[in-house]
Amino acid sequence: MSPVHDPASDSDTHAAAAVAGAATAPAQVDLEGAPLIIGEHTSESLNKSLLDHVWRKAGPGWWALFLPSLAGSGLLLTCIVLLEWRGVGVWGNNQPVGWAFDIINFVWWIGIGHAGTLISAILLLFQQKWRTSINRFAEAMTLFAVLCAALYPTLHTGRPWFDYWLLPYPSTLGVGPNFKSPLVWDVFAISTYLTVSFLFWYVGLIPDLAALRDSSPTRRKRIVYGLLSLGWRGSGRHWHNYKIAYLLLAGLSTPLVVSVHTIVSFDFATGVIPGWHTTVFPPYFVAGAVFSGFAMVVTLAVPARKFLGLRHVITDRHLENMNKVILATGLIVAYGYLMEHFVAWYGGNEYEQHLFFSNRAAGPFHRVYFLMLFCNVVIPQLFWFKRARTSIAWMWIASILINVGMWCERFIIIVTSLQQDFLPSSWDAYSPTWVDWGMYIGTLGFFCTLFLLFLKFLPAVAVSEVKELNQELKH
Amino acid sequence: MPALFPRWTNTVSRLTAGLLLATPALGIAALMIYVRSPFATGQFTPTEQPIEFDHRHHVGDEGIDCRYCHATVERSPYAGVPPTGTCMNCHSQVWNKSPLLAYVREQYFSDRPIPWARVHNLPDFVYFNHSIHVNKGVGCVTCHGRVDQMPAVQQVEPLTMKWCLDCHRAPEEHLRPLEQITSVTYVRQSEDEGLRLKQQYRVHTRTSCTTCHR
Amino acid sequence: MSHRAPKPRKLWTVAEFASAEALLAAVRAVRERGHQDVDTYSPYPLHHGSEALGLKKSRVPMIAGFGALAGVTIAYGFMYYINAVDFPINVGNRLPHPPPMFVPITFELGVLLSALSIFFGLMFLSRLPQPYHPVFDHEAFRTASTHGFWISVAGAPASSDTERLETDLKALGGTNVATMREETP
Amino acid sequence: MSDHRAPEDGFKLPVLGNQDPDPGPEYWRSAEERAGTPGYLEALSQEFPPGADLPPEGFARREFLALLGATAALAGAACNTKPAERILPYTRTPPELTPGNPLHYATAVQRDGLATGLLVTSWEGRPTKVEGNDEHPTSLGAAGPQDLALTMQLYDPSRARLLRRRGTPAALRTFLLTLAEELKEHDADGGARLRFLVEPTSSPTVLWLRDRIADRFPNSKVVAFASAGRENVYGGTALAFGKPYEPRYDFSRADVIVSLDADFLRPEGEGLRHARQFADRRDPEKGPLNRLYVVESLLSITGGMADHRLALKPTEIGAFALLLAGEVAQVTQSPLEAELGARVSAYFADRPEVLKLARAAAKDLSRNRAGAVVLAGRAQPPLVHLAAHAINAALGSHGRAVSFMEPATPDVKTGPRALAELVAEMHAGKVHTLCITARNPVYGAPADVDVAAALEKVPNAVYHSLHEDETAPHCAWFVPATHPLESWGDARAADGTITIGQPLVSPLFSGVSEIELFAAFLFEADRGAYELLREYWRNQAPAVDFEAQWERWLAHGVLPDSANDPQTPPFEWGKALGAIALLAPAKKGGELELAFQADVKVGDGRFANVPWLQELPDPVTKLTWDNAALVSPRTAARLQVGTGDVLRLTLRGRSVDAPAMVVPGQADGVVGVALGYGRQGSEPVARGVGFNAGLLRFGEAPWFASGLRVERVAFEKHPLATTQQHWVTEGRPIALDQSAAEYREHPEEKTESHKGPEPSLQKPVEYPEYKWGMAVDISRCTGCSACVTACQSENNVPVVGKEQVFRSREMHWLRIDRYFQGPLDSPSSMVTQPMLCQHCEAAPCEYVCPVNATVHSDEGLNEMVYNRCVGTRYCQNNCPYKVRRFNFLHFTGDLDPLERMGMNPDVTVRARGVMEKCTYCVQRIERARIQTRLDGRPIKDADLKTACQQACPTTAIVFGNLNDPESAVSKLHARPRRYDVLHELGTRPRTTYLARIRNPNPELG
C-alpha cells in the first residue's frame, strides 16, 4: 500500500456510519446533524445539476459582475503602465516607508491564497469528507489570489526589467543572487506555490473535464474539453495512479502552505526594525493566512452557491465548519497580537514599546489599528454561537470584515513599523496615492474576472469526488 | 460512429506537450549562448574611423611605441586619444602632401577635433584606470590584442565583468615586465614569471565592487 | 499490460454495467476466463478496482521521491556554489555558507521538482495526453465519465472469440455491448 | 588629488590659455558684433549656449559623454549595445593638463565686499567642485553652502545671455559706443549727473578704476548698497573710535563670549574662521573650554551652540547690552558706570532670569578679562555695537581677543540712508546716467525707498547683473555679468589679504565683468579684465620678475603678507558713555515685533535661483523651498495659529501673507522672517518661492520693527516642506551631551554603554590593509550644513523639488539631524548631528539585498552598486539609521545640458529606480589609492579627505584609516567621548560620534 492514507480503502467505516445515519435521516453522515449533500441524488442527476451551468448561457447576474471586474482589470493595466513609465514615485512610498501598498497587498493576497490548498490538501489528509464540494472552489481562489499576489513583488522594484537578477543563472557578470535575502526565498516560495497549486487544481479537474467533454452539447465544446481532459477515460489503470498521485500532491502541499507564509513572514522577521524583528511571526502569519483565506472562501461561496444552485452540495454544514476554522485561527491571530505587545512590554525594549503603545495605538494610524483589532479579534468571537455560525447574512458580512481586518493588519505591520523606527529625525508621514488604490482595486477586479470565468466555464465543485461521496453515503 | 479524435492526435498532442515544455529551456539556453557571442560583446568587428589610420603600419612597420600617441596611459585613467598635434609632429614632415591626410591637416589648422570612433566601450558605470594596470605589469596586448595586425582596430576580448574578474582573481597569468609593457610580441620567459612579477610589483588585485563601480 | 504497446487493429469489446459491484464482478469473471487485457472505466475510482484488475503497486511515489531528492540537491548545490565558492562576498559580516539560510529554498525546490515529477509521472504512467482511444468509437461510452460503469476487453483480431466474449458480457449483465476495431496507426 | 595646487609648470588658464586683450574671432561676443541685427541675436538667445549643444574644445571627453549616456547606461541599455560614441581629442593639449585627471585652481569670491578664498576643481576646463583654500585667512580650507553652490550658479541655464537695450538685444559695441556718447556730455559738468550704485567691493583693481573715474568725473558720486550689509558693524566702530574699523575677533583666545544677536558662526565669510577658532575651544581634550552666552531673538546656529541662551525681542537686545555694561561696571574697576545698568534693571525687573544671566555673564567676563569677547550682530544698531566695544574696552580685551583693522573695503555705508538720498536725486531728475552693479536694488531696497519708480526718471540707467531680475526691466541698459568663476578679478579678505580671482572657464554667455564695465567709463573696456588686472598689479608689484610672482600669487590664491596689521585705536569714553545710555528702553514694548534675517541659504536673494540652496534644509527650521513667519510656541498659542496656517502680517499699513511656522527657542512676541524669497524676476527657480519679507522693510528700521499686526487668513493653508518632522530624541541615546564638569569627573559615564564589542554569533571579518572610518564630533558641529551642499556637489546628488521633499523623498546623502532638549516651548538647548551612512561592519541593509547590490568591501566600506540595484528598497527599510535614498522618479532625467556640465565625472549619475547613499566618497579613495600605489606608499590622512570633511568649517568630521594608529580618525575613535549610535543593535558602525560637551556656568546651575 502507498505510505499515504488512502481514503478509498476505509470507505466501509464511512459506509457503516452512513447506514447508521441513514436510519435516522436519509443521506446524512457523521455525528453532526446538518447534511453534506441534501436530497437523493444519482451520479447522473449530480452530473446534471453540477455541470449544467457550464452549458447554460451566462445570465445577467454573471454579466453584471463580470463587466465591472473587467473594468477593474483595465484599471490595473493602466496603473501598471503608469508605474513602469514614471517609476515607483507614482505610489505613496517614501523615505522611511519604503514598502507600503505594494507589499501589503502582496501579503494580503498570498494570505487569501492559503485557504485553497489548506482545504484541499490538509482536509483531504485528515479525511474531512466535507471538503469535497468546496475544495475545487477554494483551489481556484488560491490560484488566482497567488497570481494577483505575484504581481506586486514583481512590479514593486525600481527597475523590474532587471528582476531576473534574483534568479540563479549563468551570468556574464559573474555575480549571482544573495541567497541570504528573504526576498530570494520569496521568489522560490511563490513560484513553487503557484506551480503546485496549479498542478493540484488541474489534476483534480481532469476527470471533470472528461465528464464535461462527454456531456458537451456541441462538437466544438467537446473538442475543447476533450483536449483539456487529455483523453482521460477514467480507466482503472488511470485511477490506480491518479489516486496516489493526488494524495501525494496533497501531502506535498500541506507543508508547502505552511512554508510559504512562514517565508513571507521572514521578509519582516529577519529585519531589525521594531515591529518586524519578531519570532512569533511565522506561526501567526500562517494562522492569519488561513484565517483570511477561509473568510474569503465564505465570501465567495455564499453568493456562488446561490447563483449556481449549489445549495445541495455546499450546504450550511460546510459553511459552519469553515466558520469554526475561522474562529480557531482567529484566536491564534489574537494570541499573536497579545504576544507582540506582551513581549514589547516585558522585554523592556524602548523602541518596541514606543512602536506598540505609542505609535500603533496612539500614532497617526491608530484608527486602522483599532479597526484591525475589531475585525480580527472581536468579530470572530461571535462564531462561538451556532446562530452566528449558521446565519448566512451574518457570516457573509463577518467574512468581509475579516478580510478588511487582515488588510489592516498588514498595513499596520508594514507602514507603522517603518514610519517610526529608531531615529526620530527620520520619522515621517505616509499617504497613499490614487495609483496605490487603483492597483489594489485593479487586482480585486482581476481576481474577480478570473474567478467569474472559472465559474462560467469549469465545474465549480469537484464533480467526480462528489459522486464518489454520494455513492458512499448511499451505501 | 468514429471517435472524436483520430488516432494521429495522440502523437500530435504528445509532441505538442513536449515542445511546450522544451521551448523555455531552449530559449534560455540560446540566450545564454547569445550574450557570450561576439554579437552581444561586439568583438571582432573592425571599427571605421574618420581617417584610415592603420595601426599595422604605425605599430608594426614603424614600430612606434604605443605611448607616443596614447601618452597619458601611465598617469591617467585614460590612455588618451592623441591630440591632432601629435599626428602633425610627423606628418608636417612626412606625407605632408598626402591626400589621405588632408582631413587631418584641415582639422588641425581649423582647430577642430577629429571625431574618432570608440572601439573599446565599457559601460559608463565602469571606471577603468589605465595607469594602475600599465604600471603593475598588465601589457597593452593583454586587453587590446595584436593591434599591429589590425588594419582597423577591433575589440578582441569580451570585456564582460566575468572576464575582468578572472584576471583580477589570477593576475599572474597576465603579468609581464614593465619594460615589455607595450611590446606586442612579448612571450613570457618562464612558468613562475607571473608569480615573481606579482611579488616584485606588489600586485594585489581587488574584487570589491567599488574598485570599478562608483 | 499489452495495451501499452498497441498492436495494429486490435479488437476492443466494451460493455456497460449498472453498478460498480456488477462491474467488478464482471471483471473478475472475465479475467478468470483468461482474458488478461481487461480494463474498467468509471466516473470515480472504484473501491478494490485496482485489486480486481490485479494491478501492481503504483510507481508514482518512487518518482516523487526521486524528484524531491533532485530538487534538494540542485537547490543546495547551486546556492553553495554561487555564494560560497564562485564569488564569496562579505554580506553584512554573515558567513558565505550559512546552512540555516539555505533551508527555505532547498525545501521549496524539493517540493517543486517533486510535484512536477508527480504530475509528469502520472501523465507518463497513464499514457496521457491520449485524445484517441478505440473505446471512444462507441457513442454510448460517453457515460463512462459521467455515471456509467464500463469494462473493456482487448483481444487479438479473431472474430469467433469476440462474439463469445460479447455474449459472456451480456450474460454478466452488461448492456451496450459492442466491439471496436482500432484505427490503423 | 591631494595636492591642492596646480603643478608648478605654469598656471595658464585651463581653457582661455593666454587670453589676448582683444578676444579672438572665435568668441561669439564678437561674432555677434559682425551680424548686429536684433533678430539674429534673438535667434542666438534661443539656442543652447556653447558647451551645451556643441562642446567647446577639449571638453567632450568620455566623462561628459558618460554623463549624457549615464541614464541609458544605468537603465542597462549600454551594457551590451554599442552606441556610436565619439572621442573628441584636443587639437593641442594644454601643457598643464592630463586628460582624465582634475586640476585645482585658487580663486576668491566676495561677500559683503570681503573675499573668501576658494579652490575649484576643474575637469578639462569644466569647474565642478568648490572647496576652501586652506591658505586663505578667512576660509582656512572650509567653505559655506553658498560658496559650494557657485558651480551650480555658474551652470544656471536661466542666466542672462544677452545685452539688452530697453528689452531688445543689442551688441556690446553698440552699448560701448552709446555710452561713450553719453559720457562726452557728462564731461561738460564733470559728471554731476553721473552716478554709480555699486555692490560693496574690496577689489583693488575695481577701486583703482573707480578712483580714475572719480578723477575724470569729479562731480560723479558712488553709492554702495547691500540690502543685508554690515553697515551697523562699521557704524559701531565709527562711534567707538571716530572712524570705521573692521573689528576682528580671535575666538581662539576668547574664553568667555557674549553674543548680542550676533550669528558669528554663520557659514559665510569670516564666519568660517570664527567657527574653526570657536570649535577648537569646544574640545575638552584640547584645553580649557570657552563659554558662550547668546542673547538673540531668533534661534540661530550660534544660539544652538550656546551654553546659556536668552531669547529677547530684538528691541530689548540693546537694553540687555546696557544691563550687561552696568553689571560689568559693578564687578570691575573701569570707566563704565554702574548706574548704566540701574536704568534697565527696572525694565527687566519682572524677568529675574535676564538679570541673573547678565550678572553671571558679567562676573564670568571679568574673571577672564583678556579673553572676554562681547560682540553684536549686524542687525543691531551701531549703539549696541558701541556698547559691546565699550565692555570689551572696559575689560581690556582690546588688543588681545579683540583687535581692529583698516576696513578692506571703503564701502562701509551700504544701508538704506545713502540709497534714499540717491533715489531722491533720481526723482528730482538730477541723475542722467546711473551705473548699477549693486545686486538687485529694486528688490533689495526698503519698501519706502521706491527704486523702481526712480529708475523711470533716469534716462540712461545701466544695470549689470547675472540674471534679468526685478531691477532689469526698469533700466535702459541691461549688461549680463560674468560669473565669479568665469572672470578675472581680485579681492581682499576681512583682514586685507589679497587674492587674485582667476576664471575657471571662458564666459559661457556674453558676460561682462565688473572691471570691464567700469573700464567702459574710461573707454578701456576693450582691454579686457585680464589686461587691466595685470596692469594694476604690475604697477603695485616691486620691479622684480613680475611674471614669476604673478604665477605664485595665482598658485597660492593669496598675496603673501598682504594682510593689514591689527591695531587698538583708543576708545573714546567721553562720547561713548552718553551714547550708550540712550539704549535705555523708553516704554515697555508689549506689542508684536517683526525681525528680519538674511537667509542662511539664499542670502539677500542673490542665491535664490540655485536649486541646491533652495532644497538645503535650513539649519534651524529644516525648512526647504520656502521662507515662513517664524513664531515661538507660546506666541503661536496666543495667536491661535499652527504651522502651515497663512498669516497676514501688517506693518505701518503694508501687509504680506506668509505661512506660519512654529519654532522652539524663539523669543515670544516676535515674528521672524527671512529675506531673499518671493522673487519676481526672470529666474524660474526663485520665482514664486516663499514670500517677499522686504515689503515690510522700512528705511529707518531695516532689521526689526515693532507695531506688527498679525491676523490669520481664514481657511488658507500653505504646506511647508520640512525634512525633519520630529524634533526631540524621545530620550533615546542618539545625540549624547554632557556638561564639562561631569565629563571631567567621569569621562565615559555617558558613553561607555554605547561602545565596545557586542556579543555576536558571527566572527568579525578582518580588514588587514585599510579600514576606513569616520568620527563626527558633535561638540564641534554647529549644523551649518556646508557638508550637505559639499556632498551634493561632489556626488551628483539630485535636487527633487518641493513637492517631492514634501513627500519625504529628498536625496541628500548626508542630513543634519537637529534635536531640541527640554520643553519645546522653551528648549534648554539644541544639538545637531550629521547623519550619514554609518558603514556598519554588520550592516542590516546588506544581507537583505537579493541581488548583492549592497555588499562589504575588503576595506569595510558598505558599497552601493547602482548598476546592480533593482530597487526593492528592502535595504532602506532595514537600515536603522534611515540614511539610504531611493530614486523614486527620474530625478536626473530632465537636466539641462548646461547643468550636466557641473556633474562630477568620477561619480555615476543615478537613474530612476536605484538606491543610493553615502559612499565615504569612494571615488576619492580609489583615486588616492591608485596615486599612492603608483608612488609606492600607503595612503595617509593628507592624501584623502571626504567632501563633507573638506567643507566643514569646524573640522567636526574626520575621515581616515582606522588601521593607522597615527591617523586623526583612529585617535578620535579612542577618545572617551566616542560612542556609536544604536550601538546595542550590534551593527558595529564605522562612523562614530563624539558626545557634545557643554560648559554651563555653575552660578546659573
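## Strands E5 and E17 of chain D

Let's start inside chain D of this predicted model, where strand E5 (residues 164-165) and strand E17 (residues 477-480) run antiparallel and are joined by 2 bridges. For a residue to look up, try D:Arg164, whose bridge partner in E17(D) is D:Phe478.

Both strands belong to an open sheet of 7 strands in chain D, ordered E6-E5-E17-E16-E15-E7-E8, with mixed pairing. At the edges of this sheet stand strand E6 (168-169) and strand E8 (221-224) of chain D; each has a single partner strand, so one side of each is left without a neighbour in the sheet.

## A three-stranded sheet in chain D

Chain D also holds an open sheet of 3 strands in the order E2-E3-E4, and here the pairing is antiparallel. Strand E2 (103-111) and strand E4 (126-132) are the edge strands, each pairing on one side only. On average, neighbouring strands of this sheet are turned by 35 degrees against each other, direction ignored.

If you follow strand E3 (residues 114-123) of chain D, you will find that it pairs with E4(D) in the antiparallel sense over 6 bridges. Among the residues involved is D:Leu118, which has D:Gly132 as its bridge partner in E4(D).

## Where chain B meets chain D

Strand pairing also crosses between chains: E1(B) is joined by 2 bridges to strand E1 (residues 86-87) of chain D, and the two run antiparallel. On the chain B side of this pairing you can pick out B:Trp116, whose bridge partner in E1(D) is D:Ile87.

Around this pairing is a wider contact, in which 48 residues of chain B meet 49 residues of chain D. The two chains bury about 4,500 Å² between them, and carbon and sulfur atoms account for 51% of that area. There are 18 residue pairs in polar contact between chain B and chain D, counting pairs with both residues at pLDDT 80 or more. On the chain B side, the elements that give two or more residues are helix H5 (84-91), helix H6 (102-109), strand E1 (116-117) and helix H7 (130-135). Of these, H7(B) gives the most, with 3 residues. By residue type, the side of chain B that touches chain D divides into 22 nonpolar, 16 polar and 10 charged residues.

## Salt bridges between chains B and D

Side chains of opposite charge can pair when their charged atoms come close. Between chain B and chain D the count is 5 salt bridges. One of them links B:Arg118 with D:Glu85, with the closest N and O atoms 2.6 Å apart.

Another salt bridge is formed by B:Arg206 and D:Asp858, whose closest N and O atoms are 2.8 Å apart. Here B:Arg206 lies in the segment after helix H10 (193-200) of chain B, while D:Asp858 sits in the loop between strand E33 (854-856) and strand E34 (862-864) of chain D. Over all chains, the count comes to 92 salt bridges.

## Where chain A meets chain D

Chain A and chain D each bring 58 residues to their contact. The area buried between them is about 4,700 Å², with 50% of it coming from carbon and sulfur atoms. Which residues of chain A lose the most area to chain D? They are A:Gln95, A:Arg159 and A:Leu423, and together they make up 18% of what that side buries.

The polar side of this contact is worth a look too. Between chain A and chain D there are 43 residue pairs in polar contact, both residues being at pLDDT 80 or more, and the salt bridge count is 3. In one of these salt bridges, the side chains of A:Asp421 and D:Lys882 meet at 2.9 Å, N to O. Helix H3 (60-86), helix H6 (182-215), helix H8 (236-269) and helix H11 (350-362) of chain A each supply at least two residues to the side that touches chain D. H3(A) gives the most, with 4 residues. That side of chain A divides into 29 nonpolar, 20 polar and 9 charged residues.

## A closer look at B:Thr142

Finally, a single residue within chain B: B:Thr142 lies in helix H8 (residues 140-144). A polar atom of the B:Thr142 side chain is 3.1 Å from the backbone oxygen of B:Gly139. Leaving aside residues up to four places away in sequence, B:Thr142 touches B:Glu157, B:Trp163 and B:His174.

Conventions
Residues are numbered from 1 along each chain as its sequence is written. Chains are lettered from A and ligands numbered from 1 in the order in which they are written. This is a predicted model: local features need pLDDT of at least 70, side-chain atom pairs count only at pLDDT 80 or more; totals for chains, interfaces and linings use all residues. Side-chain values use heavy atoms; hydrogens and water are left out. Contact means heavy atoms within 4.5 Å. Buried area is the accessible area (1.4 Å probe) that two parts lose on being put together, summed over both. A salt bridge is a side-chain nitrogen of Lys or Arg within 4 Å of a carboxyl oxygen of Asp or Glu. A polar contact is a pair of N or O atoms within 3.5 Å; within protein, one must be able to donate a hydrogen and the other to accept it, and residues adjacent in sequence count only if both atoms are side-chain atoms. Ala, Val, Leu, Ile, Met, Phe, Trp, Tyr, Cys and Pro count as nonpolar, Asp, Glu, Lys and Arg as charged, and the others, Gly among them, as polar. Two strands pair if DSSP finds at least two bridges between them. Axes are lines fitted to C-alpha atoms, for helices over the stretch in contact, and angles run from 0 to 180 degrees between N-to-C directions.
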